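Let's take a walk through this protein together, starting with the overall form and then moving to the charges and the surface. Keep the model open beside the text as you read.

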Amino acid sequence: MSAEDVDVLILGAGLSGIGMAAQLARRCPGKRFVVLERRSRVGGTWDFFRYPGVRCDSDMFTLGYAFRPWAESRTIADAASIRQYIEDVAREHGVLERVRFGHRAVRSSWSSQESRWTVTAALEDGGASRTFHARFVVDCSGFYDYDRGHRPRFEGESDFEGRIVHAQAWDPGYDVAGKRVVVVGSGATAVTMVPAIAQRAAHVTMLQRSPAYLIAVPSHDATVRAARRWLSAETVAGLVRTRNTALQLALFELSRRRPEVVRRLLLGQVKRRLGDSADMRDFTPSYAPWDQRPCVVPDGDFFRAIRSGRASVVTDHIARFERGEIALRSGRRLAADLVVLATGFELALGGGAALEVDGREVVRSERLTYRSTLIEGVPNFAMVFGYVNVSWTRKADLVFEYVCRLLQHLDRSGCRQVTPRGGAGFVSDEAFVPIRSGYVSRGASVMPRQGRGGPWRARQNVFYDMLTLRWAPLRDRFLEFSPGGGDATR
């Protein structure tokens, strides 16, 4: 089969990929583009995870696209609703017919002589691979390794008579009714699963090595419904989006500057929710607020499950598995029919696909990023990597606009290539992502490098990025526009 030739190739049909495709259709209507997606439908993360209660811990007014606001008053949405929202946007902008489902990109190779990418995609049905040629590639595949979650091994697992499953591999058909369930972990996945499982299980225990910060939020925004009586839905969504982003960023900055104040606030609201039904030692983290991302508790559902007696929290370490229970280091034992490992993710930038420029492999962890969007020394390639301190999509929206601006500028200037250069003197030892969550620490070796200043520093500030990605001039001393040819690896 001959190669398919396009102007822009988008990798991934999740929240980022569909948003990028929709903005291309809106802002660059003459561009030919396709989207490669390994799954059988759009949605990405929100189609992949199927564990009980799966939802997003960002409010939908900031997680939704700026160009297509979330229409409900509900702020915290379940995965099925988010996936449907993504599909609706894809249909509205004519994107679905441009998605090549069942295609997993395995290698992207740039040729400076031809000023184009050659992308090889494996077919998930086992058929022959396909080849695509593109002038520009946008990587919207996120950073999760969808083939494997983080799976620690424990002594005695083979002796356990119950079932052990990772949350990432949850079978939606499995019935927890009457089961004694232990959820191992303390992050967003565990906090989400516990109240959902507690509705049917005999009992569910969240077994954690250390507590996380919890924030109770309402699942509906009462101000939205009231404001829509006087203002258009678009105006209300824009105002709520700005308000929520400002509040999230303010909490992040206050956590950095006055961690003791935020710590008292967060622990105080947990104490008020739980009363005397729990030991606060199980809810008091050893680290400062926002060293790891806090867990959102919509309408206090996690706290209600604990107060009802259907769920409990145990802070301890697993010593070994035995026939029908887990032995802990403290000597305590937890009876269990089902153990769910909510132990986190592994990272794989670019979906694990190889990247090369003029025959030389590009190791992402050895490169700086330009405005955390372009990769140093890599022509005509952008990646969408959202925020961790506010909604992912706040950054993604800005990247969509920036990529469209770049494409339009290339057309106007007659250039064929744009390459970030000159970051060698800006390398720092700081992490690319400024939190210490387990998956970030484990994935440090695959993340790009952090710069100490200028466009090479990945800032977690939406208002700063608005200035640089949306309004700042495209040309500067670090961005090389050229007619093509030569060797981009120089």
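A word before we set off: what you see is a predicted model. One chain feature to look at is Arg273, which sits in helix H8. We will come back to Arg273 once the general layout is clear.

Start with the fold as a whole. The chain holds 12 helices and 25 strands. Its C-alpha trace spans about 70 × 55 × 45 Å along the principal axes. How does the radius of gyration fit with a compact globule? For 490 residues, such a globule would have a value near 23 Å, and the chain has 23 Å, so the two agree. As for cover, 57% of the 490 residues count as buried.

Helix H5 is a good place to see that cover at work. Spanning residues 188-198, helix H5 is mostly covered, with nine of its 11 residues buried. The run from Thr189 through Ala190, Val191, Thr192, Met193, Val194 and Pro195 belongs to the buried set, and Ile197 and Ala198 complete it. In general, an α-helix has 3.6 residues a turn, so residues three or four places apart point the same way.

Now turn to the charged side chains. A search of the whole structure gives 40 salt bridges, and a few of them are worth visiting. In one, Arg50 pairs with Asp47, their closest N and O atoms lying 3.2 Å apart. Are these two partners buried or partly exposed? Arg50 counts as partly exposed because its relative accessibility is 38%, whereas Asp47 counts as buried because its value is 2%, under the 20% cut-off.

Another salt bridge joins Asp301 to Arg55, with 2.8 Å between the closest N and O atoms. This pair links distant parts of the chain: Asp301 belongs to helix H9, while Arg55 lies in the loop between helix H2 (45-48) and helix H3 (60-63), and the two are 246 residues apart. Both Asp301 and Arg55 are buried.

For a third example, look at Glu322 and Arg320, whose closest N and O atoms are 3.8 Å apart in their salt bridge. Glu322 has 22% relative accessibility and therefore counts as partly exposed. Arg320 is partly exposed too, because its relative accessible area is 23%. The pair is also part of something broader: Glu155, Asp159, Arg320, Glu322, Glu325 and Arg333 are linked in a network of salt bridges.

Let's finish on the surface, where Arg273 comes back into view. Which residues form the positive surface patch? They are Arg272, Arg273, Arg304 and Arg307. Helix H8 (259-274) and helix H9 (301-308) are the elements that each give two or more residues to this positive patch. Arg273, from helix H8, has 35% relative accessibility and so counts as partly exposed. Helix H9 will be familiar by now, since Asp301 of the buried salt bridge with Arg55 is also placed there.

A surface patch of another kind is nonpolar. Trp230, Leu231 and Leu239 form it, and together they have about 400 Å² of accessible area. Leu239 is found in helix H7, which covers residues 233-257. Is Leu239 buried or exposed? With a relative accessible area of 52%, Leu239 passes the cut-off of over 50% and so counts as exposed.

Notes
Residues are numbered from 1 along each chain as its sequence is written. This is a predicted model: local features need pLDDT of at least 70, side-chain atom pairs count only at pLDDT 80 or more; totals for chains, interfaces and linings use all residues. Side-chain values use heavy atoms; hydrogens and water are left out. Patches are made of residues with over 30% relative accessible area and no salt bridge: like charges are joined within 9 Å, nonpolar side chains (Val, Leu, Ile, Met, Phe, Trp, Tyr) within 5 Å. Accessible areas come from the Shrake-Rupley method with a 1.4 Å probe; for residues, only the protein chains shown count as cover. A salt bridge is a side-chain nitrogen of Lys or Arg within 4 Å of a carboxyl oxygen of Asp or Glu. Lys and Arg count as positive and Asp and Glu as negative; His and the chain ends are not counted. The place of a charge is taken as NZ of Lys, CZ of Arg, CG of Asp or CD of Glu. Helices (H or I, at least four residues) and strands (E, at least two) are DSSP runs, numbered from the N terminus. Buried means under 20% relative accessible area, exposed over 50%, partly exposed in between (1.4 Å probe, protein chains only). The radius of gyration is taken over C-alpha atoms; the globule rule is 2.2 Å times the number of residues to the power 0.38.
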